[in-house]
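Hi,

Here's the structure I promised to pass on. Have a look at it first, and my notes on what turned up follow below.

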Amino acid sequence: MHVLKFGGTSVANAENIKRVIEILREKSVQGPVITVVSALGGMTDTLQRCGELANEKDDHYLDLFSSITERHITAANDLGLEAKAISSVETQLDKLNEILHGVYLINEFSNKTRDKVLSFGELLSSYIISEALGAQVPGVALKDSRELIITNSNHTQALVDITLTDQNISTYFSEENNKITVVPGFVARNETGETTTLGRGGSDYTAAILAAALDAAELEIWTDVSGMYTANPKLVPQAFPIPEISYQEAMELSHFGAKVLYPPTIRPVLDKHIPIRVKNTFEPQDPGTLIHDRVEAGAYTVKGISHLPDIALLTLEGSGMVGIPGFSKRLFEALSIRAVNVILITQASSEHSICIGIQAKDSELAREAVNGEFAFEISLGKIDPVTVEMNLAIIAAIGDNMKSHQGISGKMFSSLGKNNVNIRAIAQGASERNISAVIAAKDVKKALNTLHYRFFERQVREQNIFIVGVGNVGVRLLDQIQKQQQHLYENLLLKLNVVGISNSRKMIFDEDGIDLTQWKDLLEEGANRTEAGWFERIKELNLRNSVFIDITASEEVASSYPKYLKESIAIIACNKIATSSEFAKYDRLKELSKKYNASYLFETNVGAGLPIINTLNNLVNSGDRVTAIKAVLSGSLNFVFNNFNDTTTFHDVVHQAQVEGYTEPDPRVDLSGVDVARKILILARESGYQLDMVDIQNELFLPKECMDAPSVKEFYETLVRHEDHFQKLFTKASKEGKRLKYVAEFSDQKAKVGLQMVGSEDPFYNLDGKDNIVLFYTIRYADQPLIIKGAGAGAEVTASGLFGDIISLSDK
């Protein structure tokens with residue numbers, strides 16, 4: 001005997017019912033079938049609401065009844081039922097209408113009447129399905145479950161008389177030889193023949209009772225998902241069906257939000273060790289999940305990650321609790337009297353406090369109950385009034401085999417901590433089948449994805465990237481990411497999702513990753529950008545492993561870094577403003593990075609894509625000490641002085657550098673030496689020295705009139721007027737066989753930048769094009785410095801430096 005139960009979504013309409021009929025047709029080939037069916041999807045709630053409106057004398061109940069009628073008649077017609085069968089459906093609907101009219105007239109919607117009204121959902125669906133099935137498959141019978149299942153008179157939550165019920169079921173099916181028997185779920189009767197219902201999960205309960213009474217080989221629960229999943233697939237896209245799971249694991253997962261099963265309803269089959277298979281009506285070929293008691297240890301120690309939303313946390317604490325017996329008893333009795341269900345309990349070993357998790361809707365009731373119970377102790381100051389925290393949720397890692405594996409809790413909590421998920425309370429039973437934690441409701445999605453990645457997924461490291469600034473460098477970075485995404489995934493197990501992109505006017509977001517082949521068009525149609533709006537949207541998305549990349553020169557953006565770090569969002573900065581600001585601000589960013597476990601990387605602040613800062617960090621971290629630095633740190637200035645000679649003009653060379661993207665829009669930012677001063681300041685700070693910009697001597701080579709020009713256009717005009725000044729600089733150097741280089745130096749805890757003439761013996765002499773060079777003198781590199789040399793300017797290499805920081809984050 002095969003017992004199959006189909007839920008509301010499986011029989012929601014004629015199209016779905018046709019799928020059910022096909023499944024039953026194939027199953028009946030293997031032997032006799034009993035199928036238990038729910039009401040059409042959502043119908044029980046609709047019937048409930050219809051009765052409530054009638055009880056309130058609200059004439060809108062008639063509109064709701066019309067929709068109920070329309071749904072059932074439409075389904076019957078679409079399934080091709082004969083006129084006689086449709087007439088029977090109409091007759092049942094007329095009976096329902098009479099009951100509702102009675103409720104309307106006498107304002108009586110007791111639990112007894114409620115059961116009568118709600119029963120029509122399953123009675124109508126089972127009749128329609130049996131008629132449609134019988135038209136295609138011979139040997140189909142409809143059996144009213146009220147003739148089989150006997151209960152007490154506790155309406156809406158009736159208790160089953162198992163002995164009498166089993167006897168009825170055994171007698172009926174031993175005498176009948178139907179190929180398929182259709183049974184309405186949820187409904188039963190008491191000993192006087194009145195209709196009762198079995199409460200939440202009643203159709204599952206009906207199926208479990210039948211399977212247990214007949215010693216079925218297996219109970220099949222058909223729903224709209226392909227089994228029980230490792231996590232809620234709506235929140236965790238990578239979740240997958242669990243092939244097999246124990247009864248205990250299934251009940252734990254169901255309790256913590258997996259809606260496939262309602263634990264109390266499967267007790268009859270659990271007691272008889274009858275396996276349950278959860279299948280998908282819409283993907284019948286999927287194997288589903290097998291629930292039984294002979295599950296062997298598989299590849300995964302944790303079987304599932306689940307959660308309960310809408311939780312409130314009550315905390316009772318005070319020195320008067322310590323060593324006094326009976327406090328917990330009084331607490332739970334007070335809650336029990338008010339019918340407040342306790343979901344989670346945790347108590348400190350000091351006995352100074354006890355925390356309980358309850359449903360948020362019960363929070364005020366619980367507060368009143370507890371404060372009332374302990375009013376005397378509170379008045380004496382022995383304990384504090386109960387505190388209630390709202391907007392919480394419980395997440396749980398579940399698995400029978402967790403108890404035999406060390407470190408599961410450590411992995412769970414460390415993973416959450418790295419993603420800035422704060423844990424308010426923890427509970428773990430001695431069975432170690434369930435490790436639960438209370439967290440903020442806003443962190444649920446991030447927490448579920450974090451834990452699922454940690455326990456179930458191939459360890460592909462994922463980064464969710466937000467980029468502000470899509471000028472030359474930003475465009476090239478996005479192009480590099482788009483071209484390398486597949487390579488990184490296949491070779492480095494690194495998945496890069498660009499989730500947000502912004503320029504100074506517009507911003508776009510896509511939680512699943514922006515299409516990098518169309519980002520320009522998408523951005524053009526994006527929302528208007530504000531700094532606050534951009535940050536709040538990132539914060540609202542609350543994605544794990546979030547990375548903010550600043551490719552601007554904006555002081556406003558740089559000043560926002562602390563907000564990102566406090567949300568455990570890593571920062572990769574091309575913008576030098578924050579790193580070269582006052583030392584206190586620089587130091588604060590470093591502290592926040594450590595405190596919130598959020599990386600703050602700025603390799604491209606010095607030398608574009610050259611590994612200057614990374615090399616310096618490695619020197620310092622390995623115990624070496626920097627004693628001096630000498631460097632050419634401006635690719636722009638090096639380009640200018642490598643191309644300026646007695647056959648060119650300074651004006652033309654500077655303009656060429658700007659056109660080719662080597663300078664800022666206002667070239668004075670580069671020519672003033674401020675940018676180089678910032679870079680040597682950053683290197684000195686990363687070497688462990690406490691300097692500020694005012695400590696750096698800047699020897700200007702530009703005439704004052706050039707620096708003071710009110711616009712870029714007028715600045716260029718001043719360069720023409722002062723051409724003789726620049727030619728004299730070149731001539732002097734040329735006569736001495738030297739070349740002009742803009743050099744930064746740091747030694748004896750002092751730094752300076754300025755134009756120098758360097759001879760052929762100097763490492764800087766042959767520095768070509770836009771190259772940078774850095775010489776680190778350290779305790780270990782005292783005689784011969786450590787030299788780093790290469791292209792130090794240009795959008796492509798700067799973008800590659802940012803890309804390098806992105807990749808390095810995956811190892812942190």
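One bit of vocabulary before the notes: contact here means heavy atoms within 4.5 Å. Helices (H or I, at least four residues) and strands (E, at least two) are DSSP runs, numbered from the N terminus. Axes are lines fitted to C-alpha atoms, for helices over the stretch in contact, and angles run from 0 to 180 degrees between N-to-C directions.

Keep in mind that this is a predicted model, where local features need pLDDT of at least 70, side-chain atom pairs count only at pLDDT 80 or more, and totals for chains, interfaces and linings use all residues. Residues are numbered from 1 along each chain as its sequence is written, and side-chain values use heavy atoms, with hydrogens and water left out.

On to the sheets. Two strands count as paired if DSSP finds at least two bridges between them. One open sheet has six strands, ordered β13-β14-β12-β15-β17-β16, with antiparallel pairing. Its edges are β13 (342–347) and β16 (423–428), each with a single partner strand, so one side of each has no neighbour in the sheet. From one strand to the next the twist averages 30°. Five bridges link β13 and β14 in the antiparallel sense, and Val 342 sits opposite Ile 358 in β14.

Two helices lie across this sheet's strands. Helix α14 (residues 444–456) lies across β12, β15 and β17, at about 125° to β12. Helix α8 (residues 247–255) lies across β12, β13, β15 and β17 (434–440), at about 65° to β12.

Then there's α11 (residues 363–373), where Ser 363, Ala 366, Ala 369 and Val 370 are buried; buried means under 20% relative accessible area, exposed over 50%, and partly exposed in between (1.4 Å probe, protein chains only). Seen down the axis of α11, these buried residues fall within an arc of 130°, so they line one face of the helix. That arc is taken from the directions from the helix axis to the C-beta atoms. As background, an α-helix has 3.6 residues a turn, so residues three or four places apart point the same way. The buried residues of α11 pack against β12 (304–317), α10 (327–337), β14 (353–359) and β15 (387–398).

There is also an open sheet of seven strands, in the order β21-β20-β19-β18-β22-β23-β24, and its pairing is mixed. The edge strands, β21 (527–528) and β24 (600–601), each pair on one side only. Strand β19 (residues 494–502) and strand β20 (residues 506–509) run antiparallel and are joined by three bridges, with Ile 501 opposite Ile 508 in β20. Helix α15 (residues 472–492) lies across β18 (461–468), β19 and β22 (546–550), at about 155° to β19.

Which residues touch the most other members of the largest nonpolar core? They are Tyr 561, Phe 650 and Phe 701, in a core of 78 residues. (A nonpolar core is a set of buried Ala, Val, Leu, Ile, Met, Phe, Trp, Tyr and Cys residues joined through side-chain atoms within 4.5 Å.) Helix α25 (residues 674–686) gives the largest share of this core, seven residues. Another core, of 50 residues, lies apart from it and includes Leu 4, Ile 17, Leu 40 and Trp 222.

For a helix pair, try α2 (residues 43–55) and α4 (residues 83–106): they pack at an angle of about 40°, with their axes 7 Å apart. On the α2 side the contact includes Leu 47, Cys 50 and Gly 51, and on the α4 side Leu 96, Leu 100 and Val 103.

Two backbone oddities to finish. Most residues other than glycine have a negative phi. Phe 186, though not a glycine, has a positive phi of about 80°; it is in the loop between β5 (180–184) and β6 (187–190) and counts as buried, at 10% relative accessibility. Asn 542 is not a glycine either, and its phi is positive at about 55°. Asn 542 lies in the loop between α17 (531–541) and β22, and is buried with a relative accessible area of 13%.

Cheers
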